[in-house]
Each structure stands twice: as structure tokens, then as C-alpha cells.
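Biologist: I should like a close look at a single part of this model. Please take one residue as the point of departure and describe what surrounds it.

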Amino acid sequence: MTIMFTFIPEYKSLREVLTNQKLAALGDAYVNFIYSVALSKRKGEPTGAKVDSRLLAEALRKSGLRNLLPSRIDRHRQADAAEALIVYAWIWNAMTIEEGISILEQHEDMVEAFCFFLITARKKLSL
């Protein structure tokens, strides 16, 4: 894998990725973008939307990644962890924007969609 941006370091552990707040900030915009595109394709018209932190936190738990975070961490930080992993997979060219949109389009249940997205990102990054 090659990195898309040289200012993003290669992290040695999945925990480092999940707890990086700068990645989470970029991931927030990225996740909302691909979610909006998937919704737009589904509805057949341009749609802008934000992914609810509850949805991402639940997907993180279902994916089995929650246990890599500190025990006392709120829902917002759990959602941040999911966003960080998703954008990190894109930055490292492990997953394309099109793959992400496709995953979100294929699932009716968005918790299941993001759970699958997180599991896929983890596998492709080999972390």
C-alpha cells in the first residue's frame, strides 16, 4: 500500500489509529461525504447528510473494535474512532471512495453497513 498524503504517519497499531483525534476530524468530513453520496444515489437526487454518532458508536461495538479503546470513553469518541479508521484506510489506499459508497449502498441498515465498512478497513490495513 502507498500513502496518499505524506503528512500522515504510518501507525504501528490499530489503537493508535482509533485514538487519533486529527484523523477523526478528517474522518468526520470524509464519512459524511461518502454517506451523502450513497444517500444521493439511493434517492436519485443530491442529498447532504451527517452520520449520527450513535450509529457509528454502535457499528464500532458490533465490529468488535470497541474493546481497543479505553473503558471510559463516551459515544462521541467511539464515533471519532470509527471515522479515524475509515479515513485512514482511504489515505493508505486500502479502500477507495467508491468502495465505501458501495458498502453503504448495499445495506439497508446503516449500523450493519458501517460495521462491515470498519471490519473491511481493518482487514485491508492489516492492523
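Modeller: The model is a predicted one, and the part chosen here is Phe114 with its surroundings. Leaving aside neighbours within four places in sequence, Phe114 is in contact with Val31, Tyr35, Val51, Leu55, Leu56, Ala59, Ile86 and Leu104.

These contacts may be set in the context of the nonpolar core. The largest such core has 47 residues, and Phe114 is among the members that touch the most other members, together with Leu23, Leu85, Tyr88, Leu104, Phe117 and Leu118. At least two core residues are supplied by each of helix 1 (14-18), helix 2 (21-43), helix 3 (53-62), helix 4 (75-91), helix 5 (97-106) and helix 6 (110-125). Helix 4 gives the largest share, 11 residues. As a general background, nonpolar side chains in soluble globular proteins tend to be buried together.

Several partners of Phe114, including Leu55, Leu56 and Ala59, bring helix 3 into view. Leu55, Leu56 and Ala59 are buried in helix 3, as are Ala57 and Leu60. The buried residues of helix 3 pack against helix 2, helix 4 and helix 6. At the start of helix 3, the backbone nitrogen of Arg54 has a side-chain oxygen of Asp52 within 2.6 Å. After helix 3 comes Gly64, with a positive phi near 85 degrees.

The partners Val31 and Tyr35 lead to the packing of helix 2 against helix 6. Two packed helices are described by the angle between their axes and the distance between the axes. For helix 2 and helix 6 the angle is about 130 degrees and the axes are 14 Å apart. Helix 2 is therefore oblique to helix 6. The crossing of helix 2 past helix 6 is right-handed. On the side of helix 2 the contact is made by Val31, Ile34, Tyr35 and Arg42, and on the side of helix 6 by Met110, Phe114 and Phe117.

Leu104, another partner of Phe114, belongs to the contact between helix 5 and helix 6. The axes of these two helices come within 8 Å and cross at roughly 145 degrees, and helix 5 passes helix 6 in a right-handed crossing. Helix 5 contributes Glu99, Gly100, Ile103 and Leu104 to this contact, while helix 6 contributes Met110, Ala113, Phe114, Phe116, Phe117 and Lys124. Phe114 thus has a place in the contact of helix 6 with helix 2 and in that with helix 5.

Further along helix 2 there is a polar feature at Ser40. Ser40 counts as buried because its relative accessibility is 17%, which falls under the 20% limit. Its side chain reaches the backbone nitrogen of Thr47 at 2.8 Å. Apart from neighbours within four places in sequence, the contacts of Ser40 are with Glu45, Pro46 and Thr47.

Two residues outside the helices complete the account. Asn93, in the loop between helix 4 and helix 5, has a phi near 60 degrees, a positive value in a residue other than glycine. With a relative accessibility of 40%, Asn93 counts as partly exposed. Ser126 lies in the segment after helix 6, and its phi is likewise positive, near 60 degrees. Ser126 is exposed, its relative accessible area being 65%.

How values were computed. Residues are numbered from 1 along each chain as its sequence is written. This is a predicted model: local features need pLDDT of at least 70, side-chain atom pairs count only at pLDDT 80 or more; totals for chains, interfaces and linings use all residues. Side-chain values use heavy atoms; hydrogens and water are left out. A nonpolar core is a set of buried Ala, Val, Leu, Ile, Met, Phe, Trp, Tyr and Cys residues joined through side-chain atoms within 4.5 Å. Buried means under 20% relative accessible area, exposed over 50%, partly exposed in between (1.4 Å probe, protein chains only). Helices (H or I, at least four residues) and strands (E, at least two) are DSSP runs, numbered from the N terminus. Contact means heavy atoms within 4.5 Å. A polar contact is a pair of N or O atoms within 3.5 Å; within protein, one must be able to donate a hydrogen and the other to accept it, and residues adjacent in sequence count only if both atoms are side-chain atoms. Axes are lines fitted to C-alpha atoms, for helices over the stretch in contact, and angles run from 0 to 180 degrees between N-to-C directions. Angles under 35 degrees count as roughly parallel, over 145 as roughly antiparallel, 65 to 115 as roughly perpendicular and the rest as oblique. A crossing is left-handed if the near helix is turned anticlockwise from the far one by less than a right angle, and right-handed if clockwise.
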